[in-house]
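Open the model in your viewer and keep the sequence panel beside it. This tour goes stop by stop, saying what to select and what is there.

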Amino acid sequence: MRMALEEWIGKGSVGIIGILLGAFLPIVWCFCMSRRIPKGVPPGSLGWPILGETLDFLACRRTGGVASFFQLRRKKHGEIFKTHIFFCPTIVIAGPEGQKMGLSDGYNSVEAGNFETLKDLFGRNSLFSVTSEQHKRMKRAILGSLQGKALRDRVQRVEKLTLDALKNWEGKEVIVLKETSQARRELLKVVRGIIEQRKRSGKYYNDVLQSMLQIQESSNGLSEDEIVENIILLMFGGTDTTSTAITRIIEFLAENPDELTLLQEEHDRVGRNLQADQPLTWDVIKSMSYTYKVISEGLRLSRIADALPRTAVKDLHIQGYKIPKGWRIFVDKEATEFNPQIFDEPLRFKPSRFENPLPPLTFIPFGGGPRMCPGMELATLQIAIFLHHFVRKYRWRVKENLNELDFTRIVPQPKNGLPIFVELR
Ligand code: HEM
């Protein structure tokens, strides 16, 4: 047979055809496997062979972000639909039921989103990349120093850093986003120095690094790599998110003077009850009820994380549809947080909407379930302390607000960084 073939097309060509088939068949096989659509999956399109709808998805990052890609398909197919992005069949789910299924059932139904490039970026030994028991153990170590007493003990340090940063804003034009990110970067340099110094001195400190180092010493400990990669992840996770939230809240307050007045009244009241230069305490911060509504509404409108990725670890079912094991899931958070039936006039900055409790699982700015943001309390505390000093002492004018977000970044941010001019009030 081979002889006959060689005679028919020439000797060398058979080898070349063999190589081509060898290279091509696995691709065809992968393609066929990825296109085998199991029965009962939601409507939607898997797009082009191999690429799926990845190019459309990437193109949307230049315009309206992930949310605009989802919006278009939601209009066509409904709240739950299938697509194919980054070489993986994907189901997009939304609404309280979707958020419950995608986020809250421990590690039994869903796991992390499984993006290889992001794992490389954040570190394969970091909380972002690890799963189930390893994730649980690491998260416990990290949460121990970002919540509760450990956080309460750090209120004054956060306040001092905020006041030092704000001193540099007086009488100047500042690009809010740059300044808020810069403050965090300065903090990172300090942290790096602390690691070195701590290793040498052996002294005890009440912070994340210490709790990680302690867990490292215990039998169930974190390895050196895990500690380093998690510190980097926390730095990354806490930088653009908090600075973007503060920047956007300043923008929303500038556009809504009535809301700003209400916020200033609250902080003037709080300030009158404190002696001059008396530091804020945990209880005082927790009493700033309007501030927390402003923060919630700011986070809702900021769109810091429009969609949360997960992977189905078993076949799942939602609203009569099947999500097959191994398929990726995107919890479309934006669809719920901008749903006019849940948030009337969803594009308006309206902190008062948080006066009454919302239906469960309709507002999850920090995600949910085992992968919920461990920096939630720290971030809220930082923003509250910042707002207290900022709105109480200063007035500001936004120089030019293009109101446009740069969706090419992991956290969408104002394109111009929000330049403002700051003066004493
Ligand atoms: C306004 C500020 C912040 C917002 C809106 C925010 C939001 C989020 C969201 C939505 C997630 C994904 C949750 C999920 O998939 O269910 C997340 C995860 C995470 N965030 Fe934040 N975050 C903020 C601040 C911070 C800070 C200050 C830190 C660190 C100190 C931090 C560290 C992390 C880490 C490490 C994860 C991954 C958690 C895991 O995989 O278990 N974040 N954040």
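Select L301, R303, F338, L347 and R348: of the 21 residues that line the second largest pocket, these lie nearest its centre. The model is predicted, and the volume of this pocket comes to about 470 Å³. Now add three helices, α4 (66-77), α12 (224-255) and α16 (333-337); each supplies at least two residues of the lining. Which helix gives the most to the lining? Colour α12, which contributes four residues.

**Two positive phi angles**

Stay on R303. R303 sits in the loop that links α15 (289-302) to β5 (307-312). Check its backbone: phi is positive, about 60°, although R303 is not a glycine. Is R303 buried or exposed? R303 is buried, because its relative accessible area is 16%, under the 20% cut-off.

Jump to F86 for another such case. F86 is not a glycine, yet its phi is positive at about 50°. Look for F86 in the loop between β1 (81-85) and β2 (88-93). F86 has a relative accessibility of 30%, so it counts as partly exposed.

**The five-stranded sheet**

From that loop, select the sheet. Five strands make up an open sheet with mixed pairing, in the order β1-β2-β8-β5-β3. β1 and β3 are the edge strands, each pairing on one side only. From one strand to the next, the twist averages 40°.

Zoom in on the β3 edge. β3 and β5 run antiparallel and are joined by three bridges. Pick V110 and look across to β5: the bridge partner of V110 is A312.

Next, show helix α5 (residues 95-103). Which strands does α5 lie across? They are β2, β3, β5 and β8 (328-332), and α5 runs at about 135° to β8.

**The cavity**

Keep β3 on screen. How many cavities of 30 Å³ or more are there? The count is one. The volume of the largest cavity is about 50 Å³. To find the place, select its lining: L103, G106, Y107, V110, E111, A112, R310, G368, P370 and R371. Strand β3 (residues 110-112) gives the most to this lining, with three residues. V110, the residue bridged to A312, is one of the lining residues.

**The three-stranded sheet**

Move on to another sheet. This open sheet has three strands in the order β4-β12-β9, with antiparallel pairing. Its edge strands, β4 (173-175) and β9 (394-398), each pair on one side only. Neighbouring strands here are turned by 35° against each other on average, direction ignored.

Select β4 together with β12 (residues 419-424). The two pair in the antiparallel sense over three bridges. For a marker, label I175 in β4 and P419 in β12: they stand opposite each other.

Then bring in helix α17 (residues 376-393). α17 lies across β9 and β12. Its direction is about 85° to β9.

**The nonpolar cores**

Show side chains now. Which residues of the largest nonpolar core touch the most other members? In this core of 64 residues, they are W169, I250, L253, F390 and I420.

Centre the view on I420. Set aside its neighbours within four places in sequence, and I420 is still in contact with W169, K172, E173, V174, V176, I250, F390, W396, R397, V398 and K399. W169, I250 and F390 appear among these contacts, and they also belong to the group that touches the most other core members.

Next, select V41, M101, I318 and I329. They are included in a second, separate core of 16 residues.

**Zoom out**

Finish with the whole chain in cartoon view. How many helices and strands does the protein have? Its secondary structure comes to 17 helices and twelve strands. Colour by accessibility: of the 425 residues, 48% count as buried. Last, draw the contact map. Take the contacts with a separation of 6 or more: residues 24 or more positions apart account for 72% of them.

Terms used:
Residues are numbered from 1 along each chain as its sequence is written. This is a predicted model: local features need pLDDT of at least 70, side-chain atom pairs count only at pLDDT 80 or more; totals for chains, interfaces and linings use all residues. Side-chain values use heavy atoms; hydrogens and water are left out. Two strands pair if DSSP finds at least two bridges between them. Axes are lines fitted to C-alpha atoms, for helices over the stretch in contact, and angles run from 0 to 180 degrees between N-to-C directions. Contact means heavy atoms within 4.5 Å. A nonpolar core is a set of buried Ala, Val, Leu, Ile, Met, Phe, Trp, Tyr and Cys residues joined through side-chain atoms within 4.5 Å. Buried means under 20% relative accessible area, exposed over 50%, partly exposed in between (1.4 Å probe, protein chains only). On a 1 Å grid over the protein atoms alone, a cavity is a set of points where a 1.4 Å probe fits but cannot get out, and a pocket is an open set with protein on both sides within 12 Å along at least five of seven lines; lining residues have an atom within 4 Å of a point. Grid points are joined across faces, edges and corners, and a volume is the space filled by probe spheres set on the points.
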